[in-house]
Amino acid sequence: MKILLTHRYFWPDHPNCGQILWHLTQKLASQGHQVDVLTSLPSKDLNSKKIVSKKLQIFNNIKIERINLTIENKSPIKKIINALKLGLRTNFLAIKNKYDIIISTTIPPITGGLFAALAAHLYRSRFIYFCMDLHPEVGKISKDFSNPILFSFLKKIDNWSCSKANPVIVHSLDVKNSLLSRGSKNKFNIEIINNFSIPTQEPNGLISKINFNKSENELTIIFAGNLGRFQSLDKIIDTMINLEGRKDIKLVIVGDGSVKAELISKIHNTKANVEFFDQQPPNVVKNMISKADIGLVSLSVDVYKYGYPGKIMTYLEQGKPIIALLEKESEIVKLMEQNNYGFYISDSNPKSISKFLIKLAENKSWRLKMSQNAKKAYKKYFSVERILSKWSKVISFE
């Protein structure tokens, strides 16, 4: 089959979603499908920019067309212009190549699905809508789409896109239920396929070396991922400030994002045992996680209903239990407790979190068993083979 996949970021750009889609397209190409990718020129990673020298490239039988989109820097106008350029190009390629399947993601929000759904509807292609996050709901939490009239309008647009999808793919039962709760008269065809941990061997072979070591006598907590508005990291930073006298408890934060400078500023002039590292390639991040004791998953209120943190899969793959700072009723916590690979903290007050971390540091009996359970859970639910097998079944289904 002839397949078009559109997404704002794609390998060798470092956003995890683009790396995962690279492995998905490789799988589809290996099965004999003709796979075209429409994306942007790398914008976030200097090494990625060095690798991409042309706007049209072919790797492993995957044809990748990259268009020049400007860096948005939170500018609504630039976001709209980029979305229109990507969307209109999607429709042009649909006319030109008559694809059997068009796959689009929720990046860019709303318009990514809209233009692909429109192209598939007009040119009789099958449309698969990969909802990595649920919009406009996420935009309402971030206040980008907080205006009630705008929110209602965007939800109607996305409902139409979802109604044309066969299927809509979401990461969790929580996201599926949120989509169904929109109250649309349309009956959506929804499949649940989560992400996997990005394979260590990166397609570009880049390796970054950083110095990261831990003491055998300390509890090392790691947070690896986007340092954004939805991660509620201020609570854990306040916790570490509260624990500044405990050098046997350490927090390692790896990544970049909109609140990073604020978090660093918060621990300035304190003795909080917190170490920050810039965003790293997957193989480096995995090595750092493997040296830590436990992974942190924290989300703002209600965010679990509209997305699923990809860092969870990487923690579990490396045999690391997790500390969950989010709602107990979430699928994330339920699966964790069902398989006994982590701890849920019900009270988000920094003093309560501090007491809990002290208990973990002073009682190490949980580490070995939970590490084993984490690895088992990854293989059972999130392995590359399992997830790509689900995708293959969706693609081959008519």
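**Exercise 1. The setting of Ser 298**

In which strand is the place of Ser 298? Determine also whether Ser 298 is buried or exposed, and identify the residues that Ser 298 touches.

*Solution.* The model under study is a predicted one.

Step 1. Ser 298 belongs to strand 12, which covers residues 294-298.

Step 2. The relative accessibility of Ser 298 is 3%. A residue is called buried when its relative accessible area is under 20%. Ser 298 therefore counts as buried.

Step 3. Setting aside residues up to four places away in sequence, Ser 298 touches Phe 223, Phe 230, Gln 231, Ser 232, Leu 233 and Leu 325.

Step 4. With Gln 231 there is a polar detail to record: the side chain of Ser 298 reaches the backbone oxygen of Gln 231 at 2.5 Å.

**Exercise 2. The setting of Leu 150**

State the helix in which Leu 150 lies, classify its exposure, and list its contacts beyond its sequence neighbours.

*Solution.*

Step 1. Leu 150 is found in helix 6.

Step 2. Its relative accessible area is 33%. Values between 20% and 50% are classed as partly exposed, so Leu 150 is partly exposed.

Step 3. When neighbours within four places in sequence are left aside, Leu 150 is in contact with Asp 144 and Phe 145.

Step 4. For a distance across the model, take Glu 218: Leu 150 and Glu 218 are 68 residues apart in sequence, and their C-alpha atoms are 49 Å apart in space.

**Exercise 3. Helix 4 against helix 6**

Describe how helix 4 and helix 6 cross, and analyse the residues of their contact.

*Solution.*

Step 1. The axes of helix 4 (residues 111-122) and helix 6 (residues 148-164) come within 9 Å and cross at roughly 45°.

Step 2. Because of this angle, helix 4 is oblique to helix 6.

Step 3. The handedness of the crossing between helix 4 and helix 6 is left-handed.

Step 4. Helix 4 contributes Gly 113, Leu 114, Ala 117, Leu 118 and His 121 to the contact, while helix 6 contributes Ile 157, Trp 160, Ser 161 and Lys 164.

Step 5. Sorted by character, the residues of this contact are 5 nonpolar, 3 polar and 1 charged.

**Exercise 4. Helix 8 against helix 13**

Carry out the analysis for helix 8 and helix 13.

*Solution.*

Step 1. The axes of helix 8 (residues 233-242) and helix 13 (residues 350-362) come within 8 Å, crossing at roughly 65°.

Step 2. The crossing of helix 8 and helix 13 is right-handed.

Step 3. Lys 235, Ile 236, Asp 238, Thr 239 and Asn 242 of helix 8 meet Pro 350, Lys 351, Ile 353, Ser 354 and Leu 357 of helix 13.

Step 4. The residues of this contact comprise 4 nonpolar, 3 polar and 3 charged.

Notes. Residues are numbered from 1 along each chain as its sequence is written. This is a predicted model: local features need pLDDT of at least 70, side-chain atom pairs count only at pLDDT 80 or more; totals for chains, interfaces and linings use all residues. Side-chain values use heavy atoms; hydrogens and water are left out. Helices (H or I, at least four residues) and strands (E, at least two) are DSSP runs, numbered from the N terminus. Buried means under 20% relative accessible area, exposed over 50%, partly exposed in between (1.4 Å probe, protein chains only). A polar contact is a pair of N or O atoms within 3.5 Å; within protein, one must be able to donate a hydrogen and the other to accept it, and residues adjacent in sequence count only if both atoms are side-chain atoms. Contact means heavy atoms within 4.5 Å. Axes are lines fitted to C-alpha atoms, for helices over the stretch in contact, and angles run from 0 to 180 degrees between N-to-C directions. Angles under 35 degrees count as roughly parallel, over 145 as roughly antiparallel, 65 to 115 as roughly perpendicular and the rest as oblique. A crossing is left-handed if the near helix is turned anticlockwise from the far one by less than a right angle, and right-handed if clockwise. Ala, Val, Leu, Ile, Met, Phe, Trp, Tyr, Cys and Pro count as nonpolar, Asp, Glu, Lys and Arg as charged, and the others, Gly among them, as polar.
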